[in-house]
Amino acid sequence: MELLTIGEFSRASRLSAKALRLYDELGLLRPVVVDPGNGYRRYAPGQLERARLVAWLRRVGMPLAEIRSVVELPAAEAADAVRDHWRRVEADTDAKRRLAADLVEYLSGKDTVMSAVLAVKYAVRTDRGLVRPANQDFAYAGEQLLAVADGFGERGDAASQAAVSALQQVGVGDLLNAMDDAMDDAAQLAGNAVRDMAGSGTTLTALLWSGSRLGLVHIGDSRAYLLRDEELFQITHDDTLVQSMVDEGKLTTAEAASHPDRALLSRALTGEASPGVEVRDGRIGDRYLLSSDGLHTVVDIDTVKEVLATEEPQQAVDRLVALANAAGGPDNISCAVAHLIPR
Ligand code: MN
């Protein structure tokens, strides 16, 4: 077999001699012979295919460490690895695009969204209701966080409180740096907070914000609603057995609302599952409501919308709690409201 000099191999593979020496050092592509006397590298023609693959992967932007394992894979698995790599690149690009758009608006001074011009008016209220012996809900509203948690089990009250305080530890600096990562961390923290509370757990629905970026954290059957352009949207999906039956077309929404097992959760924070996280864009004029099921199972949605649309946050939470109690107050009631307003 005729071996190729590094110059010949470089021309054939379209990789520079410098790159070839680097790949040798990194173990990506070793010459078959290195002359012990003068250090000249010699390559076999059969190595060209691997060299071209390395060059392609470099052009796609794959890190060298990843290329090292991909070139060892059978073709089909290597194809999967390239596909995964590209998916990550696109996700990363999306996140950067959103950050860049915010920055452009901020620097051009015409935005209506950054924290420089966006303020939040908020209020929160939680109530035992008229039937339950204790209040195991926990609710919070502050400059950066809105949260409702509905605890269950012997230590349900501790669980709901722990889940919300975990989110209070997520600093605004973290959010600015990397909202997506910070949201995952927040979800992890909240999950850890209720570990070792055997048999007890909590729902958790929370909004964290930094400028116009909102992080929505959710698990269980508490809900988040958004009133925007005079329309009310439920922006969380109930983690309940009846909701999954509705999703599968086995129940109508109306049947689900009166189903005897409607309170059975398919997912909750018990120390094992983590909440889902989602990053959303907030706009001036948005009004958010978080509620525990003690509110939204007894107060109809049109009334909720009317209250949210017409009242200031404090009046809204007061009225909503009063409405739930007027409907019998069968469960603990929590609600938190935030209005995004110009500063
Ligand atoms: Mn409840």
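How many Å separate the centres of domain 2 and domain 3, taken over C-alpha atoms? The separation is 29 Å. To see what is being compared, colour the chain by its domain assignment: domain 1 covers 4–72, domain 2 covers 74–113 and domain 3 covers 117–342. Keep in mind throughout that this is a predicted model.

**Stop 1: the metal site**

Select the manganese ion and show the side chains around it. Its protein donors are D150, D293 and D331, each through an OD atom, at 2.0 to 2.3 Å from the ion. Along the sequence these donors follow the spacing D-x142-D-x37-D. D150 sits in strand β6 (residues 145–152) and D293 in helix α11 (residues 293–296), so this pair ties together parts of the chain that are 143 residues apart in sequence. Switch on a surface and check the two residues: D150 and D293 are both buried.

**Stop 2: the largest pocket**

Next, display the largest pocket. It holds about 840 Å³ of space. Its lining is made of 30 residues, and those closest to the pocket centre are R223, R262, D293, H296 and T297. Select these five together; D293 is also one of the donors of the manganese ion.

Which elements each supply at least two residues of the lining? They are β6, β10 (223–228), α9 (241–247), α10 (253–257) and α11. Now colour the lining by residue class: 12 residues are nonpolar, nine are polar and nine are charged.

**Stop 3: S291 and H296**

From H296, which is among the residues closest to the centre of the pocket, move to S291. The side chains of S291 and H296 are joined by a polar contact of 2.9 Å. S291 belongs to strand β13 (residues 287–291). Is S291 buried or exposed? Its relative accessibility is 0%, so S291 counts as buried.

**Stop 4: the loop between β10 and β11**

Go back to β10 (223–228), one of the elements that supply the pocket lining, and follow the chain past its end. Select D229 and E230. D229 lies in the loop that runs from β10 to β11 (231–234), and E230 is placed in the loop between β10 and β11 as well.

Check the backbone angles here. D229 has a phi near 50 degrees, a positive value in a residue other than glycine. For E230, phi is near 65 degrees, again positive in a residue other than glycine. With a relative accessible area of 65%, D229 is exposed; E230, at 69%, is exposed too.

**Stop 5: T252, between α9 and α10**

Select T252, which is found in the loop between α9 and α10. Both of these helices supply residues to the lining of the largest pocket. T252 is partly exposed, its relative accessible area being 42%. For a distance to draw in the viewer, connect the C-alpha atoms of T252 and V242: the two residues are 10 apart along the chain, and these atoms are separated by 9.4 Å.

**Stop 6: G276 and L57**

Finish with G276, in strand β12 (residues 276–281). G276 is partly exposed, with 34% relative accessible area. Then draw a line from its C-alpha to that of L57. G276 and L57 are 219 residues apart in sequence, and the line spans 33 Å. In the domain assignment, L57 falls within domain 1 (4–72) and G276 within domain 3 (117–342).

Terms used:
Residues are numbered from 1 along each chain as its sequence is written. This is a predicted model: local features need pLDDT of at least 70, side-chain atom pairs count only at pLDDT 80 or more; totals for chains, interfaces and linings use all residues. Side-chain values use heavy atoms; hydrogens and water are left out. Donors are N, O and S atoms within 2.8 Å of the metal (3.2 Å for Na, K and Ca); water is not among the atoms, so sites may look incomplete. Helices (H or I, at least four residues) and strands (E, at least two) are DSSP runs, numbered from the N terminus. Buried means under 20% relative accessible area, exposed over 50%, partly exposed in between (1.4 Å probe, protein chains only). Domain bounds come from an automatic or database domain assignment. On a 1 Å grid over the protein atoms alone, a cavity is a set of points where a 1.4 Å probe fits but cannot get out, and a pocket is an open set with protein on both sides within 12 Å along at least five of seven lines; lining residues have an atom within 4 Å of a point. Grid points are joined across faces, edges and corners, and a volume is the space filled by probe spheres set on the points. Ala, Val, Leu, Ile, Met, Phe, Trp, Tyr, Cys and Pro count as nonpolar, Asp, Glu, Lys and Arg as charged, and the others, Gly among them, as polar. A polar contact is a pair of N or O atoms within 3.5 Å; within protein, one must be able to donate a hydrogen and the other to accept it, and residues adjacent in sequence count only if both atoms are side-chain atoms.
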